[in-house]
Amino acid sequence: VSPPAPHYYAAQAPYAGASGGHQQYEDPPPDCSEGFANSAFSDGAVRRGFIRKVYLTLMLQLLVTVGIICAFIYWDDLREWTWEHYWFTYCMMAVVLVFILLLSCCDNLRRRVPFNFITLGLFTIAEGLMLGSVTIFFHAEAVMWAVGATALVSFGLTLFAMQSKHQWDFTTAYGSLWVFGWTLLSFALLCAILRSQYLYIFYACLGTLLFSLYLVFDTQLILGGKNRKYQVSPEEYVFAALNLYLDIVTLFLLLLQLIGLCR
């Protein structure tokens, strides 16, 4: 909506002077162009296109990750090499951390095509290699159970976030989730000191609960809605896919740890 033309008020000026300058006019309508520009998701087509980009990117990331994990589980030579060269896991952890910092802090990198997809693809490969090097310490059956449980939990939580986006708005609980996360980190340090299996199981349960809430939180940020206080910009589909991917990967690690401890 563009503002009224300036010549409209100029044309009325002679009439005002002829009346002695006492003629009163209503204020011009407000300029609504800025409000529409700030509300990028007011168009449903923009929102649907954004959601398609996010979940298509996420699906490709998960397929690549599962493929790499299966290679580490069922390829005996690769499994033995990773077992002997334990430094590989720590190197992949460092690479993954660097990519997360780049995608989180560099706005231009994650918005410019094709650099955003190249960076995200390299991050996904590094994350898959890291996860694969971790899964070699578990039985293949436990890993497959963890993959299935993660898929089931993620699908159920996504449906919950879609259906309850107007009744249960988790985006307003960002501060509570942040406090919960730091509390869980402190509890992890306690578990490392005491080295109790029951504490490990309790920690895995709490971590699963926390990142399940984060998955609902990030999903509602993407879906938007009337009760949504925060929304992701339509240009941030790579960052949105990254958030969902990290939530699902962390859920997988926690469920894998839980299944491995309970066996």
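W87 sits in helix α5 of this predicted model, and this residue makes a convenient starting point for a first look at the structure. With a relative accessible area of 43%, W87 counts as partly exposed, because the partly exposed class lies between the buried limit of under 20% and the exposed limit of over 50%. W87 does not stand alone: together with W81, Y86, Y90 and M93, W87 makes a nonpolar surface patch of about 600 Å². Helix α5, which runs over residues 87–105, gives the largest share of this nonpolar patch, namely three residues.

A surface patch of another kind is found in the charged residues. D76, D77, E80 and E84 gather on the surface as a patch of negative charge. One of these residues, D76, has its place in helix α4, a helix that covers residues 76–84.

It helps to set these elements beside the database record. An unreviewed UniProt entry carries the annotation "transmembrane region" for residues 54–75, 87–105, 117–138, 144–162, 174–194, 200–217 and 237–259. Two of the annotated spans can be described further from the model. Residues 144–162 are 100% helix and 0% strand, and the C-alpha atoms at the two ends of this span lie 27 Å apart. Residues 200–217 are likewise 100% helix and 0% strand, with 25 Å between the end C-alpha atoms.

Attention now turns to the salt bridges, of which the structure holds three. D107, R110, R111 and E236 are linked by such contacts into a network, and a walk through the pairs shows how the network is put together.

The pair D107 and R110 is joined side chain to side chain, with an N to O distance of 2.7 Å. Both residues belong to helix α6 (residues 107–111), where they are three residues apart, about one turn of the helix. Their surroundings can be told apart by accessibility: D107 is partly exposed at a relative accessible area of 37%, whereas R110 is buried at 7%.

R110 also forms a salt bridge with E236, and here the closest N and O atoms are 2.6 Å apart. R110 lies in helix α6 and E236 in the loop between α10 (197–223) and α11 (237–262), so this pair ties together parts of the chain that are 126 residues apart in sequence. Both partners are buried; for E236, the relative accessible area is 6%.

E236 has a further partner in R111, the closest N and O atoms of this salt bridge being 2.7 Å apart. This pair, too, links distant parts of the chain, with R111 in helix α6 and E236 in the loop between α10 and α11, 125 residues apart. At 37% relative accessibility, R111 counts as partly exposed, while E236 is buried.

Two features of the backbone complete the picture. Where does P114 lie, the residue found between α6 and α7? P114 is located in the loop that connects these helices, α7 covering residues 115–135. A cis peptide bond joins V113 to P114, with an omega of about 5 degrees.

The other backbone feature concerns R195, which is not a glycine and yet has a positive phi of about 55 degrees. R195 is found in the loop between α9 (174–194) and α10. Is R195 buried or exposed? R195 has a relative accessible area of 65% and is therefore exposed, since residues over 50% fall in that class.

Definitions and conventions
Residues numbered from 1 in each chain as written. Predicted model: local features only at pLDDT ≥ 70, side-chain atom pairs only at ≥ 80, totals over all residues. Heavy atoms only, no water. Patch = residues over 30% accessible without salt bridge, like charges linked within 9 Å, V, L, I, M, F, W, Y side chains within 5 Å. Areas by Shrake-Rupley, 256 points an atom, 1.4 Å probe, with all protein chains shown as cover. Salt bridge = Lys/Arg side-chain N within 4 Å of Asp/Glu carboxyl O. Lys, Arg positive; Asp, Glu negative; His and termini not counted. Charge placed at Lys NZ, Arg CZ, Asp CG, Glu CD. Helix = DSSP H or I, 4+ residues; strand = E, 2+ residues; numbered from the N terminus. UniProt positions renumbered as here; feature names shortened; annotations may be inferred. Buried < 20%, exposed > 50% of the residue type's maximum accessible area, 1.4 Å probe, protein only.
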